[in-house]
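I'm opening a fresh page for this one. I'll jot down what I look up as I go, starting with confidence and ending with charged pairs.

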Amino acid sequence: MTQTRKPSSKPEAREAQNPSFSSSGMKLIVPLQGVVQGRGGLLLGTLVPCALFYFLQLYLKRRRSTANCNPPSPSSEPTLPRTSSRSNLSARGSISRVRISRLATQISRPDESLYYVGLDRVSRDPYHALDNPDGVIQLGLADNKLCLDLIGEWVARNLEDSVVGTGLNINGIAPYQTYDGLMELKMALSDFMHQVMGESVKFDPSNMVLTAGATPAIEILSFCLADQGNAFLVPTPYYPGFDRDVRWRPGVDLIPVHCRSADNFNLNITALEQAYSQARKRGVKVRGILISNPSNPVGNIMTQDMLYSLLDFAEEKNIHIIADEVFAGSTYGSEKFVSLAEILDSDYIDKSRVHIVYGLSKDLSLAGFRVGVICSFNDSVLAAAKKLSRFSSISAPTQRLVTSMLSDKRFIREYFETNRKRIQQVHDEFVDCLSKLGIKCAKSCAGMYCWADMNGLIRPYSEKGEIELWEKFLSIAKINITPGSSCHCIEPGWFRICFTTITLEEIPLVIERIRRVVESCKSSS
Amino acid sequence: MGFEIEQPCVELSKVAVSETHGEDSPYFAGWKAYDENPYDELTNSSGVIQMGLAENQVSFDLLEKYLEENSEASTWGKGAPGFRENALFQDYHGLKTFRTAMASFMEQIRGGRAKFFPDRVVLTAGATAANELLTFILANPGDALLVPTPYYPGFDRDLRWRTGVNIVPIHCDSSNNFQITPQALEAAYQAAEAKNTKVRAVLITNPSNPLGATIQRSVLENLLDFVTRKNIHLVSDEIYSGSVFSSSEFVSVAEILEARNYKNAERVHIVYSLSKDLGLPGFRVGTIYSYNDKVVTTARRMSSFTLISSQTQHLLASMLSDKKFTENYIETNRERLRKRYNMIIEGLKSVGIECLKGNAGLFCWMNMSPLLEKKTREGELELWNAIVHEVRLNISPGSSCHCSEPGWFRVCFANMSEETLEVALERIRSFMERIKKE
C-alpha cells in the first residue's frame with residue numbers, strides 16, 4: 001500500500017487499501033498547498049483537494065457496499081466435494097454475492113490463534129503408535145486418556161440396561177425432556193460434584209442448569225450477565241477457548257489481568273484493581289470476573305484467602321464472578337481444591353453474584369458426550385439460563401447413561417483414586433524429564449498439563465521468538481504444544497504441554513523429540 | 001450485626017431480562033393448563049388433553065423393534081472397543097458415518113429426487129439451535145428475516161432473542177389456502193425497508209407448521225427468484241419433510257436447485273431434524289445443510305455451542321444407514337400419519353368444523369371462525385379459553401402463530417393414542433352440540 005497508488009477498480013483490493021488511502025491522500029495535499037500561491041490560494045488549495053478526496057471516498061464506499069465481495073477465505077477445513085456436474089456449485093460457493101453477517105465474516109476467517117492452528121496440524125498428520133509413528137503427537141488438547149479403560153469397562157458391563165432401559169424401551173428418552181436436564185441427572189451430578197470437590201460443598205439440583213458441555217455454559221452465562229460491548233476481567237494466562245465463548249456471540253470483551261511468574265502466576269488483587277479502573281477510564285462497563293480454578297493453563301489452585309479477596313472485590317464493585325471449575329477433580333498435589341461455592345456460607349456475601357461452571361469432559365473423560373453444568377445462586381440467572389439451555393441441551397440417551405454411571409458410587413470412587421494416581425505419576429515423570437532437559441515448569445497441582453518455561457530457548461525474547469519456537473516444535477519435533485501467547489500470557493516463552501493424552505511409556509519418546517528442539521536451539525544460539 | 005444494609009442488586013443483561021423468549025404468550029399458557037391437569041386414560045380421564053405439542057408418537061414400535069434386533073447399535077460392540085474414541089470425540093465436524101447417514105436419510109425422504117453431500121451437513125443439538133445459528137450467520141442485529149404467517153410460535157424466540165434480529169411477517173390468508181403470493185412477499189420487503197430495516201433472508205417452513213401443508217412447486221420457484229433478485233438468503237426449515245402423507249406431494253427446495261443446476265444455490269440453506277419425522281426430540285439431533293461453503297465453515301465452528309453427543313451420533317448412524325429399515329420406517333410412518341389425519345378431519349367434519357386441506361405434518365389447521373362472536377383476536381382468545389378450560393383440550397390459537405385471520409387453531413394428533421384422539425373428538429362433538437343448542 002504505497003502513497004502514490006491510483007485507486008484500482010477492484011472492490012476487494014480497495015477494501016484492503018482504504019485505511020491507508022485517506023492518510024496517503026492527505027500526504028498529497030500539503031505539496032499542493034505549496035503550488036497555489038497566496039492566502040486565498042492556500043485556502044482553495046487545501047479545500048478543493050480535500051473536497052475531491054472526500055467525494056471520491058464516498059463514491060468508493062458506495063461502490064464497495066453494492067459490490068460487496070467477501071474475499072474468498074483460504075479455509076483450513078477440508079475442501080468441499082466437487083463432482084463434475086456440480087462444478088458450478090463449488091466454484092460459486094466460495095465467491096458468493098450474497099452477504100453473511102459481520103459476526104460470520106469474522107468467524108469464517110482462518111483461525112489465527114495458534115491454539116487452533118496447532119490442533120489442525122495434528123489432525124492432518126496424527127501420531128499413532130503403530131500406523132503413523134512419525135506423526136504429530138497431540139500435547140495441545142487437555143483430554144484425559146489415562147483412565148478411558150476404566151470407563152470403557154464400565155460401559156461394556158452396563159450399557160444396555162443404562163441407556164435404553166430394560167426391554168429396550170425408548171419411550172422414556174425419546175420425547176421432549178425439560179431442556180435444562182433431567183432431575184435424575186442433576187441429582188447424580190450434585191452428588192458427584194460433592195465428592196469431586198472434597199465433600200465440603202453441596203450443590204442443590206434446583207440451582208443447576210445442564211448444558212451440552214461447559215462451552216455453552218460459559219456462553220450462556222456471558223449472555224445473561226453482560227450486554228454487548230461490556231467486559232469481563234480475566235486473569236492471564238487463560239484458556240484460549242474463552243475468546244470464542246465470551247466474545248463471539250455474546251459480544252462481551254475480555255480484559256486481561258496479567259499474572260506473573262514471580263507470583264507463580266497467581267492472581268494479584270492490585271492488578272485486578274488496576275485493570276478495573278483502567279477499563280472504567282476507557283468507559284468500558286465491567287460486569288464480572290471470569291476465572292478458571294484450577295487454572296488452565298497453569299494448573300495452580302486458588303487459596304481460600306484469594307477466593308475471599310475475589311468475593312470482596314466483586315462485592316465492592318457490584319459485579320459477578322464466573323468460576324470455571326472443570327478441572328476440580330483432576331488434582332494431584334498436596335493442596336486441597338476449594339470451590340468458590342464452599343466459601344459462600346457467610347451472611348455478608350451476596351450469593352447472587354456467583355456462578356460456577358462444571359462439566360464431565362475433563363474429570364470423567366467424556367468430552368464427546370457433552371455434559372456441562374451451570375450452578376447459580378441467582379434465581380433470575382437460573383430462570384434465563386433454563387430458557388437458553390434449549391439451544392444446547394444434552395441428548396437424552398446420554399443423560400441416562402451418565403446418570404447410571406454417576407450413580408455407581410463404588411465405580412466413581414475407584415475411578416477417582418486411580419485417576420489421581422495416574423495423573424500424578426505421569427505429571428511427576430514428565431516434569432522430572434523436562435527439568436533434566438533444563439526446562440522448568442510452574443508449580444502446579446491440578447489439571448492435565450504443565451506450564452513450561454522455555455524463555456531460555458527463544459530468540460528474540462518476544463512473542464515472535466516464542467512463535468518461532470512453537471513452529472520448531474511442530475515441524476522438527478512434531479509435537480503440538482500451546483504457546484503462551486495464545487493464552488495471552490504477558491511473559492514470552494511459556495508453553496502449555498498436556499501429558500494426559502500419552503501413556504507413561506510414551507514419555508521417553510516425547511522427551512526425545514523435545515530434546516531435538518532444545519539441542520537445535522542451543523546450537524543455533 | 002444489627003441493622004440490615006441495603007445491598008445493591010447485581011445486574012443482569014438485557015437478554016436475560018427481556019421478554020423475547022415469548023413464554024408469556026397464550027401458546028404457552030395452554031401448556032400450563034395441561035401441566036396442572038394432564039389427561040391420563042386410566043388415572044385422570046377428565047384431564048386436559050394435550051393437542052398443542054407437535055410430537056410424533058405413532059411409530060415408536062418400529063424404533064424399538066430395530067433396537068431390539070440390532071443391539072450393537074446402542075453399544076460399541078462387545079467389550080466396547082470403539083468406546084474410547086467415541087467418548088472423547090468432540091470434533092465439530094461430527095462423526096463421518098453419522099453425517100453420511102443423515103445425508104442418505106434426507107435423500108430417501110425426498111424419494112431420491114435430490115442429492116445431499118455429507119460434507120455439507122452441519123450438526124446441531126436440535127433444529128431450534130440450527131435456526132438460531134443460521135440467523136446469527138445470515139443477519140446482523142437489527143436486520144430482519146421475512147417469515148410467512150401463520151408461523152411456529154417458537155420462531156419469535158429462536159430467531160430473535162439472542163440474535164437481536166427482527167421478524168417481518170409475510171401475510172398469507174385463507175383466500176388462497178395461505179399460500180405465499182409474490183405481492184405479499186414484495187409488501188413485506190417494502191414494509192421492512194420503510195422501517196429502515198435490512199432484510200437478509202426469507203425463512204419458510206416446508207411442509208408448513210402450523211398449516212400442515214406442503215408448499216407448491218410454483219411458489220418455491222417464485223421464492224427462489226425473489227431472493228435472487230433481492231440478493232438475500234432462503235432458509236427452508238424442512239423438519240416435517242418425512243411426515244408428508246404421500247411422497248409425491250412434497251417438493252423440497254433442494255430438488256428445484258438441482259433442476260436449475262445449482263445456479264444461485266449459495267443463498268439456500270436447509271434445516272432438518274429427527275425430532276418430528278423420527279419422533280426423537282429428546283435426542284436433540286438437528287442439521288443445517290448449506291450450499292454455501294462459507295456458511296458451512298462458519299456454522300461448523302459455531303456448532304461448538306450445540307454439539308450432538310457422540311454417543312447419540314454413533315447410535316443413530318447405524319440405524320439411519322440401514323436402508324431397509326429407513327425405507328420401511330418412512331413408508332409406515334407416512335401411512336399411519338395419514339390415517340390419523342383422516343380420522344381427525346372426518347371427526348371434525350361430522351360436527352361441521354372445516355380444516356385447511358392438509359397433506360403433511362403432525363397437526364391440522366382448524367377453522368373455527370364461524371363460531372366466533374367477534375371476528376377479532378379477542379374473540380378468538382375467548383373461544384380458545386373455553387376450549388382449554390371447558391372442553392379441556394389444549395390447542396394452539398392462530399394468533400399465537402401470528403395468523404392475520406382470527407378463528408384458526410392448530411390441533412396436533414400424533415402425540416397420543418387413537419383412543420385418546422377419539423376421546424378428544426367426542427369432547428368436541430359434545431361442545432358443538434352445546435353450542436348449537438344455545
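**Entry 1: how far to trust it**

I checked chain B before anything else, and its pLDDT averages 92, with 95% of the residues scoring at least 70. This is a predicted model, so I keep a reminder here: where pLDDT is low, the coordinates should not be read in detail. For the complex, I noted the predictor's ipTM of 0.94 and pTM of 0.88.

**Entry 2: the sheet in chain B**

In what order do the strands of the open sheet in chain B run? I traced 7 strands in the order 2-8-7-6-5-3-4, and the pairing is mixed. Strand 2 (121-124) and strand 4 (166-170) of chain B are the edges, each pairing on one side only. I also looked up the twist: neighbouring strands of this sheet are turned by 25° against each other on average, direction ignored.

Next I zoomed in on one pair. Strand 7 (residues 268-273) and strand 8 (residues 286-290) of chain B run antiparallel, and 5 bridges join them. For one of the residues there, B:Val271, I found the bridge partner in strand 8 of chain B: B:Ile288.

**Entry 3: helices against the sheet**

Which strands does helix 5 (residues 96-109) of chain B touch? I found strand 2, strand 7 and strand 8 of chain B, with the helix packing on the sheet at about 100° to the direction of strand 7 of chain B.

Helix 9 (residues 217-230) of chain B packs on the sheet too. My list of its contacts reads strand 3 (144-148), strand 5 (199-205), strand 6 (233-237) and strand 7 of chain B. The direction of helix 9 makes about 170° with that of strand 5 of chain B.

**Entry 4: a stop at B:Gln50**

I picked B:Gln50, which lies in strand 1 (residues 49-50) of chain B. Is B:Gln50 buried or exposed? Its relative accessibility is 10%, so it counts as buried, the cut-off for buried being under 20%.

Then I looked at what surrounds B:Gln50. Leaving out residues up to four places away in sequence, B:Gln50 touches B:Trp31, B:Tyr34, B:Asn394, B:Asn415 and B:Met416. With B:Asn394 there is a polar contact between the side chains, at 2.7 Å.

**Entry 5: charged pairs**

Side chains of opposite charge can pair when their charged atoms come close. How many salt bridges does the structure hold over all chains? I got 43, and I followed up a few.

- B:Glu107 pairs with B:Lys115, the closest N and O atoms being 3.3 Å apart. B:Glu107 counts as buried at 18% relative accessibility, while B:Lys115 is partly exposed at 36%.
- B:Glu132 pairs with B:Arg162 in a salt bridge whose closest N and O atoms are 2.7 Å apart. B:Glu132 sits in helix 6 (residues 127-138) of chain B and B:Arg162 in the loop between helix 7 (155-158) and strand 4 of chain B, so the pair ties together parts that are 30 residues apart in sequence. Both residues, B:Glu132 and B:Arg162, are buried.
- B:Arg200 forms a salt bridge with B:Asp143, closest N and O atoms 2.7 Å apart. Because B:Arg200 lies in strand 5 of chain B and B:Asp143 in the loop between helix 6 and strand 3 of chain B, this pair ties together parts that are 57 residues apart in sequence. B:Arg200 and B:Asp143 are both buried.

My last note is a network of salt bridges that links A:Asp227, A:Lys285, A:Arg287, B:Glu11 and B:Lys14.

How values were computed:
Residues are numbered from 1 along each chain as its sequence is written. Chains are lettered from A and ligands numbered from 1 in the order in which they are written. This is a predicted model: local features need pLDDT of at least 70, side-chain atom pairs count only at pLDDT 80 or more; totals for chains, interfaces and linings use all residues. Side-chain values use heavy atoms; hydrogens and water are left out. pLDDT is the predictor's confidence in each residue, from 0 to 100. Two strands pair if DSSP finds at least two bridges between them. Helices (H or I, at least four residues) and strands (E, at least two) are DSSP runs, numbered from the N terminus. Axes are lines fitted to C-alpha atoms, for helices over the stretch in contact, and angles run from 0 to 180 degrees between N-to-C directions. Contact means heavy atoms within 4.5 Å. Buried means under 20% relative accessible area, exposed over 50%, partly exposed in between (1.4 Å probe, protein chains only). A polar contact is a pair of N or O atoms within 3.5 Å; within protein, one must be able to donate a hydrogen and the other to accept it, and residues adjacent in sequence count only if both atoms are side-chain atoms. A salt bridge is a side-chain nitrogen of Lys or Arg within 4 Å of a carboxyl oxygen of Asp or Glu.
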